[in-house]
Amino acid sequence: MSGQLFQDPKLRILVVGAGGREHALTWKLAQSPKVERIFVAPGNGGTGSVDKTENVAISAGDFPKLVQFAVENNVNLVIPGPEQPLVDGIEAVFRSVGIPVFGPSPRAAQMEGSKTFSKDFMARHNIPTAAYRNFTSFPEAEAYVNEVNHNVVIKASGLAAGKGVLIPTTKAEAIDGLKSVLVAKEFGAAGDEVVVEEFLTGDEISILAFSDGFNAVALPGAQDHKRIGEGDTGLNTGGMGVYSPAPCSTKAVEEEIMRTIVKPTIDGMRKDGMPFVGMLFVGIMLTANGPKTLEYNVRFGDPETEALLALLQTDLAEILLACVERRLDCISIEMKKESAVTVILASGGYPGSYAKGKEITIGSLPQNVTVFHAGTAIKDGKVVTDGGRVLAVTGTAATLKEAQALAYKGVEQVKFEGMIFRRDIAYRAFLPSAASAPVSLTYASAGVSIDAGNDLVERIKPIVKATKRIGSDSVIGGFGGLFDLKAAGFRDPIIVSGTDGVGTKLMVAQNYGKHDTIGIDLVAMSVNDLVVQGAEPLFFLDYYACGHLDVPTAADVVKGVADGCIESGCALVGGETAEMPSLYHGDDYDVAGFAVGAVERELLLPRPDIQAGDVILGLASSGVHSNGFSLVRKIVDSNNFTLSTPTPWNKNVTLGDTLLTPTVIYVKQLLPAIRQGAIKGLSHITGGGFTENVPRVLPKGLGCWIDAGSFEFLPVFKWMMQLGNVETKEMARTFNCGIGMVVVVAKEKVEEVEKLLKESGSAKVFKIGEVQNGEGCEMRNLDAWKA
């Protein structure tokens, strides 16, 4: 009895749909010893004849009847085939009655349901895709098409039964296409919003990946044939055939797709609060600059499923169960070392109007050939046509050429009036290509794109030009940057330089998908170090290193650098962009900055006359700034917070936005007082907090005390201290805790300096301590931070 108690219950599965995909799923599931019964709603002329299977006359969109049937028949797994039920929320409906669904939640299904949603997701998570814009207004879309210098693809944002994509070859065709979607409403509500994206060239492949929300396992790449006619001519269809594995989808290509597209997608969806469980189907273009995402689908592809399941060796029911139970990493998915070719047989007139009810006869099929029913029905005991795409004939063999020949032998055994099909499925696999021709190596083939680098330079030129100041030219693209000290008005200057990065704050930016403030941090860390010497920042250079140069991301970073330069009054005169795919993983990147300033000799800081009794002022920080992020991330991760979580002290702001608040640049607030000789010394509070940084500015034999209760201990620090159980002393030697810059002034100058600082900048000014005899920084009143 105890042995039987823990046996897995037999699966009673409800497959929702009526196409070739659903027949293939049913056929494969029926082979599993785990499966007791399969119901297909509504099914077709072939699904009902599969072992263990019966059709159920309920439409795929009738959720109440489907649920009632599932409950009454003890269904314990639901597999929706088509996209529409998934987008309409079938997963949530069955979840509410405790029946697991192999398929995504309604929110996650928007990755297919809304192309604008999915493209914005790609941009947010740095997933390689074509340049794009979303539009609801025809005049705005028309203006954009006239403005760009590349061909475009127009996509209706909503579901349009696989027909909502237009590929114009001229601007006139593009504008006509926009009119048909946005004005004439050719696709109805699906075309209320359109995506206009760059037309990509290369080999197009389909990648289908099982996912449990954490892990993903991809099947071999497949190539389908969308056009109705041989040689990929004529109208677009739902697919006229497919083959797998596609020769262009090499092991290296598939590894890159997993690394740069599939895994970041699964991780990004989980971080966005919509973990993906089901079959992620990604359309990918293999461009000269690497694989790029064309679109997401959130279900098994059709006709890809008919070919891929014929090659699947592992028990499909076991895989689906592992996904819904969030344990996909516990099983191994094996494929046959063979190839598959699927040929679609369609009704005459497809993809236009066509007749139904034509009797179908199927003769003796060769071994390793399977016919999957799509648009068929049973009428008067006979199988008849009932759709545009009628049957899918799949052949498997040791080689692709043999599988192709076998599939067409199977086609010869099928007859119905008006039957049409393509006679060249898989032809692209046999065309002369880079795979068979001698390889001419290029920098791009090594993973480095000169074109992307040039594109970045062109994008940032106007941004860089905006930083121009007296003494600089701020023109990039040459071998070096120039600065004229005499033109800038210096008489007897001392040159001061500084370099820095932003540490692991970069990981927060990359995980959160926000890159436009990191550049401000980069500038701030260097120019704040210059101003503590009394120096005015003159020019700045940046270094950007990455594994794959994503131009929009890099442009965002450089824009931040330019914003920081403008805020600090220095010119961005140059930089270096290094694309090193063998050194950096995927879209990871690192940044560093180098700043140069100058100070007149007599104004150099710190002054030698700092003495006991001098007053210490503090300029407020904006938050964590750019230090201590290794501890920040440990606190956040160990307490299962996400960057999209609203902060406890302000529900309108996320934790990610709070942590990425840029470092304050204090240059313009400090320079007027420096030039008047009113400041004795400055200390930039960075890594090491008060206890390590303030003593650096004091002469030997002098120390200081700081009153922790004299300034605002910011909410983010109080939250981290409590959440991480961090001691107050540790806070004081790790974070700025609310003060980003310390100013040392003579007691008699305090009022004058406070007035100058308040007039010259927005950072609050606090009187926080004094210089005293001894050494080190004594932190007083630390218990104030616990209040």
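These legends go with close-up views of a predicted model.

**View 1. Lysine 514 sits in a loop between two helices.**
Start with the loop that runs between α15 (505-512) and α16 (518-531), and find lysine 514 there. Is lysine 514 buried, exposed or partly exposed? With a relative accessible area of 24%, lysine 514 counts as partly exposed, because the buried label is kept for values under 20%. Close by in the chain, the side chain of lysine 514 makes a polar contact of 3.3 Å with the side chain of aspartate 516. Now skip the neighbours within four places in sequence: lysine 514 is then in contact with Ala509, Asp657 and Leu660. Take leucine 660 from that list: 146 residues separate leucine 660 from lysine 514 in sequence, yet their C-alpha atoms are 8.1 Å apart in space.

**View 2. Helices α16 and α17 pack against each other.**
Follow the chain on from the loop into α16, and look for α17 (residues 551-568) beside it. The two axes are 6 Å apart, and the packing angle is about 40°. That angle makes α16 oblique to α17, because angles under 35 degrees are what count as roughly parallel. On the α16 side, the contact comes from Gly519, Ile520, Leu522, Val523 and Val527. On the α17 side, the residues include Val557, Gly560, Val561 and Cys565. As for handedness, α16 and α17 make a right-handed crossing.

**View 3. Helices α20 and α24 cross at roughly 145°.**
Here you're looking at α20 (residues 667-675) and α24 (residues 750-760), whose axes come within 8 Å. The crossing is right-handed. Which residues meet here? From α20 come Lys668, Gln669, Leu670, Pro672 and Ala673, and from α24 come Leu756, Leu757 and Ser760.

**View 4. Strand β19 pairs with strand β22.**
Strand β19 (residues 369-373) is largely enclosed by the rest of the structure, because 4 of its 5 residues are buried. Its partner β22 (residues 389-397) pairs with β19 in the antiparallel sense, over 5 bridges. To spot one pairing for yourself, find phenylalanine 372 and look across to alanine 392, its bridge partner in β22. A handy rule for looking at strands: in a regular strand, side chains alternate between the two faces of the sheet.

**View 5. Helix α7 has several buried residues.**
Walk along α7 (residues 115-124) and you'll meet the buried residues Lys115, Thr116, Ser118, Lys119, Phe121 and Met122. After α7 comes asparagine 126, which has a positive phi, near 55°.

Notes:
Residues numbered from 1 in each chain as written. Predicted model: local features only at pLDDT ≥ 70, side-chain atom pairs only at ≥ 80, totals over all residues. Heavy atoms only, no water. Buried < 20%, exposed > 50% of the residue type's maximum accessible area, 1.4 Å probe, protein only. Contact = heavy atoms within 4.5 Å. Polar contact = N/O pair within 3.5 Å; in protein donor to acceptor, adjacent residues only side chain to side chain. Pairing = 2+ DSSP bridges. Axes fitted to C-alpha atoms, helices over the stretch in contact; angles between N-to-C directions. Parallel < 35°, antiparallel > 145°, perpendicular 65-115°, else oblique. Left-handed = near helix turned anticlockwise from the far one by under 90°.
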